[in-house]
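The following note is intended for a colleague who is new to this entry. The points are numbered for ease of reference.

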Amino acid sequence: MKKLLENRNLSGWLMVSPLAVVLLVFLLMPIILIVIVSFWRATEFSIIPAFEFDNYEFLFGSSVTYKVFYNTFKYALITWAFTLVIGFTVAYYLAFHIRSLTWQVALFLVCTIPFLTSNIIRMISWIPFLGRNGIANTTLMSWGVIDEPLEWLLFSDFSVILAFVHLYTLFMVVPIFNTMMRIDKSLIEAARDAGANGAQILWNVIIPLTKPGIMIGTIFVVTLVMGDFITVRFMSGSQSANVGRLISNDIALLQYPSASATAIVLLASVLITIGILLRFVDIRKEL
Amino acid sequence: MEPRSRSFYILSAFFGLFVLFLYGPTLTIGILSFQGEGGGLTFPMRGVSMYWFYDLFEQQAVGDIWGSFRRSIVLGLMVMVTTVVVSVIGGLAFRKKFLGSGILFYLIITALVIPSILVSLGVGLLFSQSGLNVHWSTSGFGAQLTWTLPFGLLIMFAVFNRFDKSYEEAARDLGASPWQTIRYVVLPIIAPSLIGVALFGFTLSYDEFARTLLTAGSYNTLPLEIYGMTTNVTSPVLYALGTLTTLFSLLIIGGVLTLALLSNRRKARAGSDAGRAV
């Protein structure tokens, strides 16, 4: 028995077995099942095992598909740009401009707490701001900037991206802050001694060293936005769609095979995106 | 200390705006939940009242809010305990390379990046095709674990990457068994991070929506109940509920932070250097 436990592979697997079981039953098997069901046929009331490519043919033959995929990537790209700029700035401020560790931790917590509250509530809370008679419109009108309420504030691409940035900037702040805190401060002093100014230090020292954090944040934000279906539905007032919504609409109509086919294509595009991003960073080393 | 540069003040202002951006909307619905009886979803306030909170406690027509709240708490605790235990054991295991650890690691990353609706759809299909009923405590529980476990593990990886192995070596040299080393040396040192994992486990579960959508069955969890309300309730009662759940989350976070602070103090008073290296 003792000899058995000393076997590294066996004791390793013994320890990760609960994890492996959960991932097997609730991740791997569901994915495999989705792949299988994506070849099935659906009638109005039930789904029938089959092996046909109709779901995919329909998916790739419809112009709607290309439009929602375009939307999905558009949201991901724009949200990524905003969260990166905001997240980097906030992390940079916390890591290099706040001098005591206590304050760093305190301000970091201030940024983290909203992440631990409900996403749906945080989405709802934009309504009084952006609505036709909301705070933004009434303020702008009282300042005389606009004469009548702006219609595009709520239930538009603008509000969708605003909500994404609001919900997910933290996923940029945390990894970037984490990598920045590990930068040896003497490197920055050396750069300054060598005559670099603030902008040069930022561009030539800090940004290159922060790249792993930026990549991890990017992976989080891109996958969260690409896989989303609720923010787009809620914040666009059901006026625009991304792939996630396409899937959830199919599910609501009990069209599981076509939902599955769409889900597989979505998963493939997310994994390809991640695969490309992972070429630039070794996640395990950077934690 | 060198004087503050101009960029410090610009960045401070930027940070202030960011915090306002994070908290402003939540504060607004907090204020609006005290809307008078005739008031609507936006300003102006038509008087100040607790009407919508009372409404929340009385009116059961919108659904089973309190039942769903109870279920969400129980589920959150289940997920929390499982996440802490499994992440710690998994984190310990991953310190050594074993056959297939690479594959398992990629599976963890997959769990983290997979669109949540796929988990919901897949687990839902798995249960329906194998003739099982979906229920929040079985399929919902498992679906949420695919999200909280990778998070817990990532935190544990980060913790063990910074863990000073000489503590363990010292324990071993003093004759401690592997179990004693873990129980009396490793666990006390990583305890503060475990509080963090527990907090993440609970709140991620308590707020999870997408993964429970198709896996909770006929009894809703609180986020599902709120989601249902957004489609058919258009009165400030929605804000009242939002304010209450946010307050509950803040209470939990505050409690955990106090706990962490107190244990830090106690450690400092006891004069032990355990955990300093973390």
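1. How far apart do the end C-alpha atoms of residues 12-40 of chain A lie, and what share of the span is helix? In this predicted model, the separation is 39 Å, and the span is 90% helix and 0% strand. Residues 12-40 of chain A are one of the stretches to which UniProt, in an unreviewed entry, assigns the feature "transmembrane region".

2. The same UniProt feature is placed at residues 75-95, 107-130, 150-177 and 256-281 of chain A as well. Within residues 107-130 of chain A, helix accounts for 67% and strand for 0%, and the end C-alpha atoms are 28 Å apart.

3. The unreviewed UniProt entry also lists "domain: ABC transmembrane type-1" at residues 69-277 of chain A. In the model, that span is 77% helix and 0% strand, with its end C-alpha atoms 19 Å apart.

4. Helix 11 of chain A, residues 198-227, merits attention at two places. At its start, a side-chain oxygen of Asn197(A) comes to within 3.2 Å of the backbone nitrogen of Ala199(A). Further along, helix 11 of chain A has a kink of about 50° at Lys211(A), shortly before the proline Pro212(A).

5. Chain B contains ten helices and zero strands. Its C-alpha trace spans about 75 × 65 × 35 Å along the principal axes. For chain B, UniProt gives "domain: ABC transmembrane type-1" (unreviewed entry) at residues 69-263. That span is 79% helix and 0% strand, and its end C-alpha atoms lie 30 Å apart.

6. According to an unreviewed UniProt entry, the "transmembrane region" feature of chain B covers residues 7-34, 73-94, 103-127, 147-163, 184-204 and 237-262. Among them, residues 73-94 of chain B are 95% helix and 0% strand, with end C-alpha atoms 31 Å apart. Residues 184-204 of chain B are 100% helix and 0% strand, and their end C-alpha atoms lie 30 Å apart.

7. How do helix 8 and helix 10 of chain B pack? Helix 8 (residues 178-207) and helix 10 (residues 237-270) of chain B meet at an angle of about 175°, their axes being 10 Å apart. The two helices of chain B are therefore roughly antiparallel, since angles over 145 degrees count as such. Helix 8 of chain B contributes residues including Ile195(B), Leu199(B) and Phe202(B) to the contact, while those from helix 10 of chain B include Phe248(B), Ile252(B) and Val256(B). By class, the contact between helix 8 and helix 10 of chain B comprises eleven nonpolar, two polar and two charged residues. Among the residues in contact are Asp207(B) of helix 8 and Lys267(B) of helix 10.

Note on methods:
Residues are numbered from 1 along each chain as its sequence is written. Chains are lettered from A and ligands numbered from 1 in the order in which they are written. This is a predicted model: local features need pLDDT of at least 70, side-chain atom pairs count only at pLDDT 80 or more; totals for chains, interfaces and linings use all residues. Side-chain values use heavy atoms; hydrogens and water are left out. Axes are lines fitted to C-alpha atoms, for helices over the stretch in contact, and angles run from 0 to 180 degrees between N-to-C directions. Helices (H or I, at least four residues) and strands (E, at least two) are DSSP runs, numbered from the N terminus. Angles under 35 degrees count as roughly parallel, over 145 as roughly antiparallel, 65 to 115 as roughly perpendicular and the rest as oblique. Contact means heavy atoms within 4.5 Å. Ala, Val, Leu, Ile, Met, Phe, Trp, Tyr, Cys and Pro count as nonpolar, Asp, Glu, Lys and Arg as charged, and the others, Gly among them, as polar. The bend at a residue is the angle between axes fitted to the seven residues ending there and the seven starting there. A polar contact is a pair of N or O atoms within 3.5 Å; within protein, one must be able to donate a hydrogen and the other to accept it, and residues adjacent in sequence count only if both atoms are side-chain atoms. UniProt positions are given in the numbering used here, feature names are shortened, and annotations may be inferred rather than shown by experiment.
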